[in-house]
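Hi everyone, thanks for making time for this. Could we have the sequence and the structure up on the screen, please? Then I'll walk you through a few places to look.

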Amino acid sequence: MGSITTNTDIPFTIHELTIPQYHSALINKRTTCAATVAAYLAQIARYNGTLKAILTVNPNALREAHQKDQALVDNNKAHQQNTELSLSPLYGVPIILKDTYTAAFLPTTAGVEALRSLRTQLSCTVVQKLLNNGAIILAKSNLHEFSLEGITLSSLGGQALNPYDFTRTPGGSSGGTAVALAANMGLVGCGGDTMNSLRSPASACAVVGFRPTRGQVSRRGIIPVTETQDVAGPMGRTVGDVRILFEAMRGEDEGDLATLNPLRSYSPRPIPLSRIKLGVVKDYFGDEITTEGSIINKTMFNALSKLQSNVSIDLIDLAHVPDWDVALLRAKADTQAYEFRTALDAFLNSPTVTSPHKSLASIAASGEYNRQAMTPVFDQTLQGGEFTPTSPEYHSRLERIETLKKSVEQCFAEHGLTALVYPHQRQLVASVGSLVQPGRNGILAALTGRPAVCFPAGFSPETPSAPRGIPIGIELMGHPWQDDELLDLAEKFESVLGARQLPVLPLN
């Protein structure tokens, strides 16, 4: 097999590598797909025993990388000219998948011991799209079991650790993907978000997590939690990489009716970034009487001050809105307990799925799951009765969600807002041993279906266990179906803040 001769005069490293940098290095023969994949595999081998970010490595990743290198060689020979190569958006890009994304060539487990042998005949729609765009699936990542909480603890993967502080969790449920990206174990990654799950680990691990408008990305073939709240989305170290991955993931799919929403084609007038109005949701900031709350607030106010000094922004403090209270929404609007069993059982009984269990009740009876990782949702959804999609309480929750959507829309219209802004978490990420991650604000986007992106705002003060400090994420929530405009805004802010830092890892 032929190979690309690399130019070793210019140093190449996978650390903090972006997709454009990688493609430039491929074109200019500073690296190969195989060399890059091998470097990521070495990084996984070096750190995964400690961080527990990865559940399964694709055994064919290196072979696929060699094939892509050969294709580049063949393309050069065929053209025999010096014109610059044009690569597909994700050509040779090593991607980390949350282990809810089905791939026909890998197991899919949701982190559950009982599902360790689950296989699918087909890959989910998103994975098919990634492969069609030239990607290499590098590995499947650890997650909070069944995607039900935010500390990334599972019976298959154990407790994932925060790469910035090994005494803390990485958030979740898509925590393994975030850890892998923060520790440079992959180039970009995919996660899921039912309540906070793309943005919580992004906040905790100083990466970018993007929850698209519900309906932008197909969920077909992804192990579900709810129909109402689930979305699939991209993660990366930069907003630019997240945008590239999102473009490859998005699109209509007859297998997911949410993507056929007629509003997909809605093209509102673009919001000029020269006239930015941010609604500051003060109720979502930290409690000033606590040390962690004051740290969160100081970091956020410093970030907003820096943005105001560099970008034309109007900050509008929003008055208390009782309907937006996070605790109230969790108690009275969250649909997980009412939809989880129905959604999971439907997935397990799909004709393309081969599973040792065909129901959540069967998994529960097996005992092959991490009881500590379960939330009240697990027991409630198994009770049936009130916790079903036919109960009056469930319909009451759907009505509350519709009221919430109208309330948020009214706020945006009244103030002419470009986006809402708030910290994703009102306190620092939980310590190892905690069974829940309190203080997260992601439910507002989860229930309204609006796009939201979390990216680094800064760090808490350094401590012996956290030599960089603990990452703190800033979240923006925008207009439905204006995902591109929200990413434009986030990319602009990211360039001003420049808040991402590498974790300090042993032997790094």
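The second largest pocket has a volume of about 570 Å³. There are 23 residues lining this pocket, and those closest to its centre are L263, K405, T448, P480 and W481. Please keep in mind as we go that this is a predicted model.

Which elements give two or more residues to that lining? They are α13, residues 392-415, and α14, residues 443-448. The helix that gives the most is α13, with 6 residues. If we sort the lining of the second largest pocket by chemistry, we get 10 nonpolar, 7 polar and 6 charged residues.

Now let's move to the largest pocket, which holds about 700 Å³ of space. It is lined by 39 residues, and R219, R220, G221, I222 and F347 are the closest to its centre. Four elements each supply at least two residues of this lining: the helices α4 (125-132) and α10 (336-348), and the strands β7 (188-193) and β9 (231-236). How does the lining of the largest pocket divide into nonpolar, polar and charged residues? The split is 15 nonpolar, 17 polar and 7 charged.

We have just met α10 as one of the elements in that lining, so stay with α10 for a moment and look at its neighbour. It packs with helix α12, residues 376-383, at an angle of about 70°, and the two axes are 8 Å apart. That angle makes α10 roughly perpendicular to α12. As for handedness, α10 passes α12 in a right-handed crossing.

Next, a helix to find on the screen: α5, residues 175-182. Is α5 largely enclosed or exposed? All the counting is done for us here: 8 of its 8 residues are buried, so α5 is largely enclosed by the rest of the structure. Those buried residues are G175, G176, T177, A178, V179, A180, L181 and A182.

The chain on either side of α5 deserves a look too. Before the helix, in the loop between β6 (158-159) and α5, we find S173. The peptide bond from G172 to S173 is cis, with omega near 15°. Just after α5, N184 takes a positive phi of about 60°.

Speaking of positive phi, here are two further residues to rotate into view. A110 has a positive phi of about 55° although it is not a glycine. You will find A110 in the loop between β2 (94-98) and β3 (119-120). Is A110 buried or exposed? With a relative accessible area of 0%, A110 is buried.

The other one is T152, which is not a glycine either, and its positive phi is about 55°. T152 sits in the loop between β4 (136-141) and β5 (153-154). T152 is also buried, because its relative accessible area is 0%.

Last stop: Q501, in the segment after α15 (483-497). Q501 has 33% relative accessibility, so it counts as partly exposed. Where does Q501 lie relative to R468? These two are 33 residues apart along the chain, and their C-alpha atoms are separated by 7.8 Å.

That's my tour. Thanks for listening, and do have a turn at rotating the model yourselves.

Terms used:
Residues are numbered from 1 along each chain as its sequence is written. This is a predicted model: local features need pLDDT of at least 70, side-chain atom pairs count only at pLDDT 80 or more; totals for chains, interfaces and linings use all residues. Side-chain values use heavy atoms; hydrogens and water are left out. Buried means under 20% relative accessible area, exposed over 50%, partly exposed in between (1.4 Å probe, protein chains only). On a 1 Å grid over the protein atoms alone, a cavity is a set of points where a 1.4 Å probe fits but cannot get out, and a pocket is an open set with protein on both sides within 12 Å along at least five of seven lines; lining residues have an atom within 4 Å of a point. Grid points are joined across faces, edges and corners, and a volume is the space filled by probe spheres set on the points. Ala, Val, Leu, Ile, Met, Phe, Trp, Tyr, Cys and Pro count as nonpolar, Asp, Glu, Lys and Arg as charged, and the others, Gly among them, as polar. Axes are lines fitted to C-alpha atoms, for helices over the stretch in contact, and angles run from 0 to 180 degrees between N-to-C directions. Angles under 35 degrees count as roughly parallel, over 145 as roughly antiparallel, 65 to 115 as roughly perpendicular and the rest as oblique. A crossing is left-handed if the near helix is turned anticlockwise from the far one by less than a right angle, and right-handed if clockwise.
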